[in-house]
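Trainee: Please take me slowly through one part of this model, and explain the terms as you go. I would like to see how that part sits among its surroundings.

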Amino acid sequence: METAKQTRNVLFLCTGNSARSILSEAILDRLGEGRFKAFSAGSKSVGRVNPGALELLRRRGFPTDGLRSKSWDEFAGPDAPKMSYIVTVCNNAAGETCPIWPGHPATEHWDIDDPAGLGETDEERRAAFEAVYATLEGRIRDFLARVGS
């Protein structure tokens with residue numbers, strides 16, 4: 001008799017929780033096909049999702065209604081979802097002292113450029129978000145190949 005596999009929670013962290021971690025949350029929720037539930041947060045949440053990230057996700061057919069910028073403190077308390085994995089997607093967040101995560105999840109770090117600070121024209125900014133999206137999608141596909149079964 002086959003037992004149902006439990007959904008594994010993944011928390012993506014960066015400093016502001018406005019672009020890279022938000023994109024990661026959306027991508028993993030789609031590619032994880034119910035085997036994974038993604039969350040995102042920031043050490044110093046800016047309180048809003050970057051409009052460039054939302055525009056990119058909408059163009060690619062992602063739902064964006066529930067996406068919001070939030071503090072990592074939401075995920076450090078006893079009532080927070082238990083994480084299987086914590087992934088930092090920026091060097092600043094990787095170097096900060098993180099909360100003690102309930103359950104001691106596995107951690108890894110991906111050094112991803114911040115698209116919010118790239119490009120001078122609208123076209124250059126869109127291209128920067130697309131490049132970061134492609135990098136994140138590749139990393140998430142690799143992650144799923146490693147731990148997804």
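Mentor: Let us begin with a definition: a residue is called buried when its relative accessible area is under 20%, exposed when the value is over 50%, and partly exposed when the value falls in between. D122 has a relative accessibility of 49%, so D122 counts as partly exposed. Please keep in mind throughout that this is a predicted model.

D122 belongs to helix α4, which covers residues 122–147, and the side chain of D122 makes a polar contact of 2.9 Å with the side chain of R125. If you look back along the chain from D122 to E108, the two residues are 14 places apart in sequence, yet their C-alpha atoms are separated by 32 Å.

The part I would like you to study closely is the place where α4 meets α1, a helix in which E25 is found and which runs over residues 20–31. These two helices pack with their axes 10 Å apart and at an angle of about 45°, which makes α1 oblique to α4. From α1 the contact is made by R20, L23, S24, I27, L28 and L31, while from α4 it is made by F129, V132, Y133, L136, E137, I140, R141 and L144. The crossing of α1 and α4 is, in addition, right-handed. To read such a list of residues, it helps to know that an α-helix has 3.6 residues a turn, so residues three or four places apart point the same way.

Now turn to E25, also in α1. The relative accessible area of E25 is 8%, and E25 is therefore buried. Its side chain is joined to that of S40 by a polar contact of 2.6 Å. Beyond its neighbours within four places in sequence, E25 is in contact with F12, A38, F39, S40, L67 and K70.

F12 leads us onward, for F12 touches E25 and also, among others, S24 and L28 of the helix contact just described, together with W110 and I140. F12 and W110 are the residues with the most contacts inside the largest nonpolar core, a set of 33 residues. That core draws at least two residues from each of β1 (8–14), α1, β2 (36–42), α2 (51–59), β3 (85–88) and α4, and α4 gives the most, with eight residues. There is a second, separate core of nine residues, which includes L13, A41, W72 and I86.

The loops on either side of α1 deserve a careful look as well. N17 lies in the loop between β1 and α1, and N17 has a positive phi of about 50° although it is not a glycine. E33, placed in the loop between α1 and β2, likewise is not a glycine and has a positive phi, of about 45°. Their surroundings can be compared with the definition we started from: N17 is buried at a relative accessible area of 0%, whereas E33 is exposed at 65%.

Finally, α2 joins the picture, since its buried residues, which are G52, A53, L54, L56 and L57, pack against α1 and α4. The N-terminal end of α2 is capped by N50, whose side-chain oxygen lies 2.6 Å from the backbone nitrogen of G52, and α2 is followed by G61, with a positive phi near 80°.

Definitions and conventions. Residues are numbered from 1 along each chain as its sequence is written. This is a predicted model: local features need pLDDT of at least 70, side-chain atom pairs count only at pLDDT 80 or more; totals for chains, interfaces and linings use all residues. Side-chain values use heavy atoms; hydrogens and water are left out. Helices (H or I, at least four residues) and strands (E, at least two) are DSSP runs, numbered from the N terminus. Buried means under 20% relative accessible area, exposed over 50%, partly exposed in between (1.4 Å probe, protein chains only). A polar contact is a pair of N or O atoms within 3.5 Å; within protein, one must be able to donate a hydrogen and the other to accept it, and residues adjacent in sequence count only if both atoms are side-chain atoms. Contact means heavy atoms within 4.5 Å. A nonpolar core is a set of buried Ala, Val, Leu, Ile, Met, Phe, Trp, Tyr and Cys residues joined through side-chain atoms within 4.5 Å. Axes are lines fitted to C-alpha atoms, for helices over the stretch in contact, and angles run from 0 to 180 degrees between N-to-C directions. Angles under 35 degrees count as roughly parallel, over 145 as roughly antiparallel, 65 to 115 as roughly perpendicular and the rest as oblique. A crossing is left-handed if the near helix is turned anticlockwise from the far one by less than a right angle, and right-handed if clockwise.
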